[in-house]
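I opened this model to look up a few local features and to keep notes on them in order. The entries below follow the sequence of my lookups.

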Amino acid sequence: MRNGPVYRILGPLEVAFEQLPESRVPRGRKQTVLAALLLEANRVVSTESLMEAVWGESPPLTARTQIQTCISGLRTLLAESGRPSDIVTKGPGYMIQVSEGELDSQVLLSGISEAHALLRENRAEDAQEILRSVLSLWRGPAMSGTGSDLLRVRAQHLEEARLGALETYTELRLDAGRHAELVGELRSLLAEHPLRERIRGQLMLALHRSGRTAEALEAYRAGRRLAVEELGLEPGDELKEIQLAILSGEAGGVAPAAPGPAAVPAPAVAETVADGVPAADADAADGARGAEGLPVPRQLPPDVAGFVGRADRLRTVEDLLTGPGDVRAVALTGPPGIGKSALALHAAHRIARHFPDGQLYCDLGGAPGSRLTASDVLGRFLRALGVPGEALPASCDERAALYRQLLAGRRMLVVLDDVATESQLGPLLPGPGAGAVLVTGSPRAAGLPGVRALTVDVLEDDEVLRMLAAVVGEKRVASEAQAAETLGRIVGRLPLALRIVAARLAARPHWSLAWMVERLSDEHRRLDELAYGDLAIRTGIALSYEALDDSARRLLRLLSLLDGPWTGGWVAAALLDVDLFHAVDLLDQLVEAQLLEVVGNDPTSSPRYRLPGLIRLFAREELERHRDTDGGDAALERVVGGWLSLVDEAHRRIYGGDFTILHGSAPRRSPAGLALHRVLADPLGWLESERANVCAAVGLAARTGQAEACWDLATGLVSLFEARCYFEDWERTHLQALDCVRDAGGERGRAALLCSLGSLHLSRSQLKAARQRLVPALELFIGLGDVHGCALARRNLALLELRNRDLDAALGRFWVALGEFREAGDQVGAASVLVHMARLEGDRGNWSTAGGYLHEALEICQGAGSRRVELQVRYVLSDLMQRQGRYEEAENVLTDLLRQVRERRDVAGESRVLQRLGGVSARLGRNDDAQRLLRAAIATRERIMDRVGAAEVRLELAQLEVALEDRVTPSGGSGPRGLHC
């Protein structure tokens, strides 16, 4: 590196080549574009990201052209320095190619890593020099002067890295005895960052060791006041410990001699654990010794303040790790943000007294590629157990053997946070009888023998309120109880999300909980809102996401497009256009990464998967970044095509074929790998089990403009809606589809939906509304020349006339509909018309004609295998038998029908059969049975919200009870009553 980096973003943006010394890029769009490229150096930046950096959320129509112009201008500028090829075009955007040492931010970050490596080798002076050098590159806030707020936000990680390095550099200078000269620097730094407790602690030590103890204690008091006022929180344990050390005289005297390399404090190196608590080296140097002269490490970070809930899980962990059983390793698993680490730490503090030989702790987490290996952790633990650095074995196997030897026979607790794999965990498990291990992380790490896995779930509703109250105050939560409950629901009762919400509310006492609800209600901002200080939901999810392979990441992104409550393997296969087994392997990969949940099984015992809400939002953000390459529209067309294929087949199995239904031109797609004979063995039961998902698919088709598929899918579901009386779903899906086809101009789809909605209104006894739907439906079908559609609409209009008691008009429409069904080749549709005509003729007393229609309809249904319509035929046949006085025969038919409709869970059919069976029982003189059956019919009709039908049955029951009263003998007022024939 001759004259330092040639690209500089740690301050105002600069480029510095020999030909163009200290040349600033002209302010404006070019500067912003170059800054955005440098911030992601050697990685592709999409054109959309560059547009957002320049114009925010409102780019002009010519934005893409202007970005291309900026790139061209930047290439011209770089060409003057002899580097015209630094910026290259790569789909879906551009990339700037930067070599090692040419970008100051990369030099800063690599220097920090190098310093940490030197500290692990106890080379404190060399580390100090490296940090001094890279910190000198900082010229002010990164990206300052670019005019892009978005870029400055994206560059915040550089400021955090600088501050962390500066704190470590200060720590090393403190240990070198340079206390007095640091006081002024630390005061200035603390004025800029008054809530950074590590800086405040360093100032306290510098003052105390400079003989200014009173000022050191005042710095603590000022920090405590600030923390309480700004955050509503007490200072952290580390700052409290420094205060106590100063008060007790254990924080060092005035200007001590510089310590040797072995005394470098652990917070200054990479070997730290959560919340800045010293790791292995610090514990090895603390001088604590057990009864046998061996070190007694105390590495647990401070307990989680305000921990609430989890009583059952805490009790289970305690029983397993301290009880008489053989389990000595417990692994807590669950999705990001579920509170595994907090639960493990709290449990560890609760059971620490059972482990007098000490506690070892390590956080193994980090981004993919930077996670600690088992060998790294063993090195830390062995040092904490008294093994000097030069005596550490080289290989992981040798370190593991020595580790097990040192722990043999000792009561020691080992806590391993964020373990990813069995290969990380295996070497860290001590031998039998050597204390206990508490692990958090992936389910893949919990598969070793002797490890008991426990899943950590979201909080209960009462635990949500308690967690919020512990931080923001009980009075505040009680005064907005409903808003508090809503906050819990919005963040999925996820503990980390609630901690962030609570911390933000505590820091802003003027905010109401309702205002926090309002801020979180916008899904596009929710993940941004769930960040505070070092806490961020997005960070934890991103770590798990980045560890996936490309196919699993793409699947996660595409799953976020779906709206149903769960999904299955065939849907994943359709999204990716792969075979079923490959799709299920990817789903299981997402489950192992704890980004997807298994929520039970479908009727064929295949797993169902659910995408948690906050992970869905993250996946949608990623989908937006990859929308040009993920093929989301085509993926959704395949999914909707799969649902269409399955619903079609279910309808065919219920009706015996494509009868009494219209289809559109949308493409079908047979779901990959599904055994339909198993999936649709009970077609109505399958539709019931998938009701929420297939209804969501109608909405998905509407949202994505798949008009033909949308109306076709909605009308195909009527066989379920009608049988199980899901009238709200019927109406909602059809209205969604109706809006969609109107926008697309689909006249046939509009007619089919209006006809189906007319049938819904008839089921609800809403006769006026039915006519308003059916008349225009018939007119549309006539205009289209659609004979099959005309038959359906005319049949429904005939039923409407029948309900209005206009028998001649009804019969006329039935005759025309019968001819149209036969012309369309819909024999089962014709059979349904014959059933209604038989009922009408029976009302007129034409028993022979009615019987002829019914027997013809029965032959059609048996020939087509249409069990559903056959049941309707037998129901009307029972009415004919009853009218002819054949009550025993009618009772036999109805008893069999009742069994069948109950097996099919046909609630509407059950209500009608119960009513008719009650009437037959009355005719047979079984009055108690009649009353029981009629009351059951009333209850069933009320359950399906058929108030008109319930009123009809009540009238029949009342007439029966009046008849019974009238037949009571005068002397038998209190005796048994009966209907005398």
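I began with Asp 303, which I found to be partly exposed, with a relative accessible area of 31%. For my own reference, buried means under 20% relative accessible area, exposed means over 50%, and partly exposed is what lies in between, with a 1.4 Å probe and protein chains only. The place of Asp 303 is in the loop between α12 (280-284) and α13 (311-322), where helices (H or I, at least four residues) and strands (E, at least two) are DSSP runs numbered from the N terminus. I then asked which residues gather with Asp 303 in a patch of negative charge on the surface. They are Asp 237, Glu 238 and Glu 241. A patch takes residues with over 30% relative accessible area and no salt bridge, and it joins like charges within 9 Å and nonpolar side chains (Val, Leu, Ile, Met, Phe, Trp, Tyr) within 5 Å. The areas come from the Shrake-Rupley method with a 1.4 Å probe, and for residues only the protein chains shown count as cover. Asp and Glu count as negative and Lys and Arg as positive, while His and the chain ends are not counted; the place of a charge is NZ of Lys, CZ of Arg, CG of Asp or CD of Glu.

I noted the terms of the work at this point: this is a predicted model, in which local features need pLDDT of at least 70 and side-chain atom pairs count only at pLDDT 80 or more, while totals for chains, interfaces and linings use all residues. Residues are numbered from 1 along each chain as its sequence is written, and side-chain values use heavy atoms, with hydrogens and water left out.

In the loop between α12 and α13 I also looked up Arg 298, which is partly exposed at a relative accessible area of 45%. Arg 298 and Tyr 361 are 63 residues apart in sequence, and I read 8.4 Å between their C-alpha atoms. As a second pair I took Met 51 and Arg 839, which are 788 residues apart in sequence and 69 Å apart in space, C-alpha to C-alpha. Met 51 lies in helix α2 (residues 47-55) and is buried, with a relative accessible area of 12%.

Next I turned to salt bridges, each being a side-chain nitrogen of Lys or Arg within 4 Å of a carboxyl oxygen of Asp or Glu. How many salt bridges does the structure hold? The count is 70. One of them joins the side chains of Glu 624 and Arg 627, at 2.4 Å from N to O; Glu 624 is partly exposed at 45%, and Arg 627 is partly exposed at 46%. Another joins Arg 867 to Glu 870 at 3.2 Å, N to O. These two residues are three apart in helix α43 (residues 867-883), so about one helical turn separates Arg 867 from Glu 870. Within this pair I found Arg 867 partly exposed, with a relative accessible area of 37%, whereas Glu 870 is buried at 7%.

Asp 929 forms a salt bridge with Arg 932, with 3.6 Å between the closest N and O atoms. Both lie in helix α46 (residues 927-943), three residues apart, about one turn of the helix, and Asp 929 is partly exposed at 28%. I also recorded a network of salt bridges that links Glu 160, Glu 167, Glu 171, Arg 196 and Arg 198.

I then followed strand pairing, for which DSSP must find at least two bridges between two strands. Strand β3 (residues 45-46) and strand β5 (residues 93-96) run antiparallel and are joined by two bridges, with Gly 93 in β5 as the bridge partner of Ser 46. Strand β4 (residues 87-90) pairs with β5 in the antiparallel sense over four bridges, and there the bridge partner of Ile 87 is Ile 96.

My last local check was on backbone angles. Most residues other than glycine have a negative phi. Asp 418 has a positive phi near 65°; Asp 418 is found in strand β8 (residues 413-419) and is partly exposed at 26%. Thr 660 also has a positive phi, of about 50°, and is found in the loop between α30 (632-655) and α31 (676-679), where Thr 660 counts as buried at 18% relative accessibility.

For the whole protein chain I noted 47 helices and 14 strands. Buried residues make up 53% of its 981 residues, and the C-alpha trace spans about 115 × 80 × 55 Å along its principal axes.
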